[in-house]
Amino acid sequence: MSELTPPCAQNTAAAPRYLSSILPRHKTVGVTIGGMIIGGAAPVAVQSMTNTDTADIDATVRQAAELARAGSELVRLTVDRDEAAAAVPHIRDRLARLGLNVPLIGDFHYIGHKLLADHPACAEALAKYRINPGNVGFRDKRDKQFADIIAIALRYDKPVRIGVNWGSLDQELLTRFMNENAASPRPAGAKQVMREAMVQSALLSAKAAEAMGLPRSKIILSAKVSAVQDLIAVYIMLAERSDYALHLGLTEAGMGTKGIVASSAAMGILLQQGIGDTIRISLTPEPGGDRRREVQVAQELLQTMGFRRFVPIIAACPGCGRTTSAAFQELAQKIETDIRRNMPLWREKYPGVEALSVAVMGCIVNGPGESRQADIGISLPGTGESPAAPVFIDGVKAATLRGPDIAARFEQMLADYIENRFGTAAKA
């Protein structure tokens, strides 16, 4: 414990790496989850979690389907009691009948060993188990109950995410680290001890699972905290000390813009360093809010950073005194809404459409230039400008729209462009 690097020294040493261009991915062992591979050379995957009562099959199927159609590549369910465990295979089967074979992850705490043993259909239906070493069991029962879950994972050939959480960290381990640190001639700060305990909890549990026969290709690690700098530090430590696949997530990130900014700031820095194989944006939903928001934010983070493409990119003017008309705002919003709504169908009908770029600009200053850079773009007239809207397709001016139906005509041009470029006939 005396060798822990002080926070200031650690952050200073790592700072230049944050400023570099996109770096190679941190080398991790690939893990197959329900037919998809995470880690290794696979793209960073998007995960989400339902907040329904898993025992309510109808509600859980409905929300899991919404998440999957929004682009969630893994969906986690709470499995906290017998009724929830019994519901899992039915949820899996009903999603499959909808054509949604999204891998389902079971989130287990306290009695996971019992639920998996008592409900073999649940153990088989899940694509991955998530367990927390801090509450998989307590005192003399902990090791046995951990071993029971690993044995079931081996029986059904399932991967396991060992997910440490700062709010439920193994207190015996933390106390031991605190005592060792206090006895050190150069004790580290309490925060550094907490970080080290989290990393050690994950790594020691992974080593124990390997000793029981679970291969590295069946292990994913996570170490979730609620503070940005702690998350960055903990995952850098994990990446430096292991090659396990890593799941990123800022826990208790918060609601609305606070949760989005905090999660993006923390995970953006880690992703830039090549750290992270799956991500989840854990947003507190607003009352009656849409759970799909966390999927959209995760996709936008990966897409904005240039790691994945999920939906067409829309460049839209931010607005200024030259753009007192709301026409470009309304058009940009409508196009973005339509794209999000249509993407589940478009992915099947128009392969490659996620590479499309669209520009909706509000005046003559940057409008024509931005529109030329996009695949298709429109420059709407600003305050005092001529009531004409040039449209550019593949960098060439294709039309100038006038009149009250400019928006509708541009939307039709966009639909025609998508059909002509990405449709089946265009590829024949």
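Here is a short tour of the barrel, one loop serine, one helix glutamate and the cysteines. The model is predicted, so please read each value as computed from it. At its centre of interest is a barrel closed by eight strands, with parallel pairing. Helix H9 lies across two strands, S8 and S9, and two polar side chains, those of Ser72 and Glu196, are worth a visit because both residues are buried.

**The barrel and a helix across it**

- Going round the barrel, the strand order is S3-S4-S5-S6-S7-S8-S9-S10.
- For one pair of strands, take S5 (residues 104-108) and S6 (residues 128-131), which run parallel and share four bridges.
- Within that pair, Gly106 has Tyr129 of S6 as its bridge partner.
- Helix H9 spans residues 228-241 and lies across strand S8 (219-224) and strand S9 (245-248).
- The angle between H9 and S8 is about 155°.

**Ser72, a buried loop residue**

- You will find Ser72 in the loop that links helix H2 (57-70) to strand S4 (74-78).
- Its relative accessibility is 4%, so Ser72 counts as buried.
- The side chain of Ser72 makes a polar contact of 2.7 Å with the side chain of Ser48.
- A polar atom of the Ser72 side chain also lies 2.7 Å from the backbone oxygen of Leu74.
- Beyond its neighbours within four places in sequence, Ser72 is in contact with Val46, Gln47, Ser48, Leu67, Val102 and Val295.

**Glu196 and its arginine partner**

- Glu196 sits in helix H8, which covers residues 190-211.
- With a relative accessible area of 6%, Glu196 is buried.
- Its side chain reaches that of Arg241 in a polar contact of 2.8 Å.
- Arg241 brings us back to helix H9, whose range is residues 228-241.

**Cysteines without a disulfide**

- How many disulfides does the structure hold? The count is zero.
- Why does Cys363 not form a bond with Cys320? The sulfur of Cys320 is the closest cysteine sulfur to that of Cys363, yet the two are 5.4 Å apart, which is too far for a bond; the cut-off for a disulfide is 2.5 Å.
- Cys363 counts as buried, at 7% relative accessibility.
- Cys122 is buried too, and its relative accessible area is 1%.

Definitions and conventions
Residues are numbered from 1 along each chain as its sequence is written. This is a predicted model: local features need pLDDT of at least 70, side-chain atom pairs count only at pLDDT 80 or more; totals for chains, interfaces and linings use all residues. Side-chain values use heavy atoms; hydrogens and water are left out. Buried means under 20% relative accessible area, exposed over 50%, partly exposed in between (1.4 Å probe, protein chains only). A polar contact is a pair of N or O atoms within 3.5 Å; within protein, one must be able to donate a hydrogen and the other to accept it, and residues adjacent in sequence count only if both atoms are side-chain atoms. Two strands pair if DSSP finds at least two bridges between them. Contact means heavy atoms within 4.5 Å. Axes are lines fitted to C-alpha atoms, for helices over the stretch in contact, and angles run from 0 to 180 degrees between N-to-C directions.
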